Amino acid sequence: MVDGKNLGEWLKVVKEKDYDTRHQAVRALYRFGPDARDAVPALTDILKETRNKLEERPLFQSVVVTLGNIGPDAASALPEVLPLLKAKEPNTEVCFAVIQI
């Protein structure tokens, strides 16, 4: 349980469209660590949606960190994460996530 919700409840919340709600869910999923492996498809979708939206950068970075915290079970997200290393200025969160995955 994280903030009164179990993993299944957070998996539903992360699919909502409200920015703040999704961001809260992503941060909660981080706390589940590798147990949050079922969230990888939804997290990957959020990466795709937020990659080029500067105003959603905090959510994007939280997703990257959460994928890294899930670890090897997040390998299916690597096709979306690896290109981020080619950015002019790759951020440390992306580097650490790739190492952890």
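H23 sits in helix α2 of this predicted model. Is this histidine buried or exposed? With a relative accessible area of 10%, H23 falls under the 20% cut-off, so H23 counts as buried. Setting aside residues up to four places away in sequence, H23 touches P58, L59 and S62.

Let's move on to the next helix, α3, which covers residues 40–50. Its buried residues are V40, A42, L43, T44, I46, L47 and T50. What do they pack against? Their partners are α2 (19–32), α4 (57–70) and α5 (78–81). L43 is a good residue to look at here: apart from residues up to four places away in sequence, L43 touches V14, V26, L29, V63, T66, L67 and I70.

L43 also leads us into the nonpolar interior. The largest nonpolar core has 32 residues, and those with the most contacts inside it are W10, V14, L29, L43, V63 and L67. Which helices build this core? At least two residues come from each of α1 (7–13), α2, α3, α4, α5 and α6. The biggest contribution to this core is made by α4, with six residues.

Finally, follow the chain to I101, in the segment after α6 (92–100). I101 has 16% relative accessibility, which is under 20%, so I101 is buried too. Where does I101 make its contacts? Leaving out neighbours within four places in sequence, I101 is in contact with L67, G68, G71, P72, A74, A75 and L78. Take P72 from that list: I101 and P72 are 29 residues apart in sequence, yet their C-alpha atoms are 4.3 Å apart in space.

Technical notes. Residues numbered from 1 in each chain as written. Predicted model: local features only at pLDDT ≥ 70, side-chain atom pairs only at ≥ 80, totals over all residues. Heavy atoms only, no water. Buried < 20%, exposed > 50% of the residue type's maximum accessible area, 1.4 Å probe, protein only. Helix = DSSP H or I, 4+ residues; strand = E, 2+ residues; numbered from the N terminus. Contact = heavy atoms within 4.5 Å. Core = buried A, V, L, I, M, F, W, Y, C linked by side-chain atoms within 4.5 Å.
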